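Hi,

Here is the structure I promised to pass on to you. Have a look at it first, then read my notes underneath.

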Amino acid sequence: MQNDFEHAGNAPKLSDQELLDLVQKQTLKYFWDSGHPDSGMALERTHGHFGSYDIEHTVTTGGTGFGIMAMIAGAERGFIPREELKERMHKICDFLEQSPKYHGAFPHFMDGRTGETIPFSKLDDGSDTVETSFLMMGLLCARQYFAEDIDLKDKINTLWRDVDWNAHGI
């Protein structure tokens with residue numbers, strides 16, 4: 001995807017619609033171009049804020065949920081091919097199916113190659129219901145967007161139904 005402008009100081013005068021298009025394209029660009037090559041999930045970019053981790057392979061579950069919605073909007077607007085997004089969704093779901101879960105919930109950070117949990121803090125026991133909620137939000141939107149793809153729909157339904165919200169006090 002092409003960058004519509006490089007420096008904020010040189011920002012062109014934009015109409016409201018042009019500004020909204022630009023923000024949507026740049027948000028999409030981040031999630032589309034920065035998907036981990038093995039998992040398809042969104043890379044974590046808060047290095048230093050939550051300790052040290054491998055910036056090349058740490059993915060975020062909640063960020064992936066938001067990214068899925070940005071990619072759906074981008075596909076619907078013709079910014080990315082719908083079929084390529086469907087392939088990405090299968091990649092993400094296949095990865096998540098094989099990743100460690102905690103009563104069905106996912107950790108905040110994962111290794112994008114293996115799915116192994118990367119602790120968020122010293123007290124992290126693995127499960128992050130907030131991030132899992134954001135991830136499920138994106139997956140459920142994708143389930144509806146690709147309703148014709150029964151295999152993808154079944155994968156998402158299984159991931160969603162396997163989260164034991166009661167085990168997490170929710």
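Let's begin with one residue: which strand does Thr 60 lie in? Thr 60 belongs to strand 1, residues 58-60. (Helices and strands here are DSSP runs numbered from the N terminus: H or I of at least four residues for a helix, E of at least two for a strand.)

Before going on, two notes on how to read this. This is a predicted model, so local features need pLDDT of at least 70 and side-chain atom pairs count only at pLDDT 80 or more, while totals for chains, interfaces and linings use all residues. Residues are numbered from 1 along each chain as its sequence is written, and side-chain values use heavy atoms, with hydrogens and water left out.

**The whole protein**

You'll find five helices and three strands, and along the sequence they come in the pattern α-β-α-α-β-β-α-α. Of the 170 residues, 43% are buried; buried means under 20% relative accessible area, exposed means over 50%, and partly exposed is in between (1.4 Å probe, protein chains only). Take the contacts (heavy atoms within 4.5 Å) with a separation of 6 or more: 60% of them are between residues 24 or more positions apart.

**Thr 60 and helix 2**

Back to Thr 60, which counts as buried because its relative accessibility is 6%. If you leave aside neighbours within four places in sequence, its contacts are Met 41, Ala 42, Leu 43, Glu 44, His 108, Phe 109 and Glu 131. At the start of helix 2, a side-chain oxygen of Thr 60 also comes to within 3.4 Å of the backbone nitrogen of Gly 63.

Helix 2 itself runs over residues 61-76, and at 1.5 Å a residue its 16 residues should span 22 Å (1.5 Å times one less than the number of residues); the end C-alpha atoms are 23 Å apart, which agrees. Is this helix mostly covered or mostly uncovered? Mostly covered: 12 of its 16 residues are buried, among them Thr 61, Gly 62, Ile 68 and Met 71. The cover includes helix 1 (16-33), strand 1, helix 3 (82-98), strand 2 (109-111) and helix 4 (129-145). Just after helix 2, look for Gly 78, which takes a positive phi of about 85°.

**Salt bridges**

How many salt bridges does a search of the whole structure find? Eight, where a salt bridge is a side-chain nitrogen of Lys or Arg within 4 Å of a carboxyl oxygen of Asp or Glu. Here are three to click on:

- Arg 82 and Glu 148 meet at 3.1 Å, N to O. Arg 82 is in helix 3 and Glu 148 is in the loop between helix 4 and helix 5 (150-161), so the pair ties together parts 66 residues apart in sequence. Arg 82 is partly exposed at 29% relative accessibility, and Glu 148 is partly exposed at 46%.
- Asp 111 pairs with Arg 113, with the closest N and O atoms 2.8 Å apart. Asp 111 is buried at 13% relative accessibility, whereas Arg 113 is partly exposed at 42%.
- Lys 155 pairs with Asp 151, with the closest N and O atoms 3.5 Å apart. They are four residues apart in helix 5, so about one helical turn separates Lys 155 and Asp 151. Lys 155 is buried at 11% relative accessibility, but Asp 151 is partly exposed at 44%.

There is also a network: salt bridges that share partners join Arg 82, Glu 83, Lys 86 and Glu 148.

Cheers

Technical notes:
Polar contact = N/O pair within 3.5 Å; in protein donor to acceptor, adjacent residues only side chain to side chain.
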